[in-house]
Amino acid sequence: MIICICRRLNDTAVRDAVSAGARCPDSVQAHHGCAFNCGKCKTAIGEIISEEMDAEAPAQLVAAE
Ligand code: FES
């Protein structure tokens with residue numbers, strides 16, 4: 001699913017950026033070598049970042065024990 005129409009980033013691209021360490025919408029754009037144009041996708045990118053961080057959190061807790 002396309003998340004950023006201006007830069008043609010889909011949800012997989014956003015998740016790839018989060019896996020590589022992106023933790024904010026600007027970092028996701030930077031990971032793919034671009035920057036926001038209209039900025040309408042910032043909320044959607046932020047929601048995907050939150051989803052990915054929530055999914056990673058249990059694994060990090062287990063690893064910390
Ligand atoms: S939709 Fe992402 S910058 Fe416009």
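Is aspartate 11 buried or exposed? Keep that in mind while I show you around. What you see is a predicted model, where local features need pLDDT of at least 70, side-chain atom pairs count only at pLDDT 80 or more, and totals for chains, interfaces and linings use all residues. Residues are numbered from 1 along each chain as its sequence is written, and side-chain values use heavy atoms, with hydrogens and water left out.

Okay, back to the opener. Aspartate 11 counts as buried, with 17% relative accessibility. For these labels, buried means under 20% relative accessible area, exposed means over 50%, and partly exposed is in between, using a 1.4 Å probe and protein chains only.

Now the overall layout. The protein chain has 3 helices and 2 strands, and from the N terminus on they come in the order β-β-α-α-α. Helices (H or I, at least four residues) and strands (E, at least two) are DSSP runs, numbered from the N terminus. The chain has 65 residues, and 29% of them count as buried. Its accessible surface is about 4,200 Å², with 52% of that belonging to carbon and sulfur atoms. Those areas come from the Shrake-Rupley method with a 1.4 Å probe, and for residues, only the protein chains shown count as cover.

Next up, salt bridges. A salt bridge here is a side-chain nitrogen of Lys or Arg within 4 Å of a carboxyl oxygen of Asp or Glu. The structure holds 4 of them.

Our friend aspartate 11 is in one, with arginine 15, at 4.0 Å from N to O. Both sit in helix α1, residues 11-19, and because they are 4 residues apart there, about one helical turn separates them. Arginine 15 is partly exposed, at 24% relative accessibility.

Who else does arginine 15 pair with? Glutamate 51, and there the closest N and O atoms are 3.3 Å apart. This pair links distant parts of the chain: arginine 15 is in helix α1, glutamate 51 is in helix α3 (residues 42-64), and they are 36 residues apart. Glutamate 51 counts as partly exposed, with 43% relative accessibility.

Let's move to another pair. Glutamate 56 and arginine 23 meet through their side chains in a salt bridge, 3.5 Å from N to O. Both partners count as partly exposed: glutamate 56 at 21% relative accessibility, and arginine 23 with a relative accessible area of 40%. And here's the bigger picture: salt bridges that share partners join Asp11, Arg15, Glu51 and Glu52 into one network.

Last stop, helix α2. Two residues to find there are valine 28 and glutamine 29. Valine 28 is buried, at 0% relative accessibility, and glutamine 29 is buried too, at 1%.

So what do they touch? A contact means heavy atoms within 4.5 Å. Leaving out residues up to four places away in sequence, valine 28 touches Val14, Ala17, Ala22, Ile45 and Ile49. With that same exclusion, the contacts of glutamine 29 include Cys4, Cys34, Cys41 and Ile45. Valine 28 also gives us a link back to arginine 15: their C-alpha atoms are separated by 8.7 Å, and the two are 13 residues apart along the chain.

One chain-wide number before I sit down. Among contacts between residues at least 6 apart in sequence, 46% join residues at least 24 apart.
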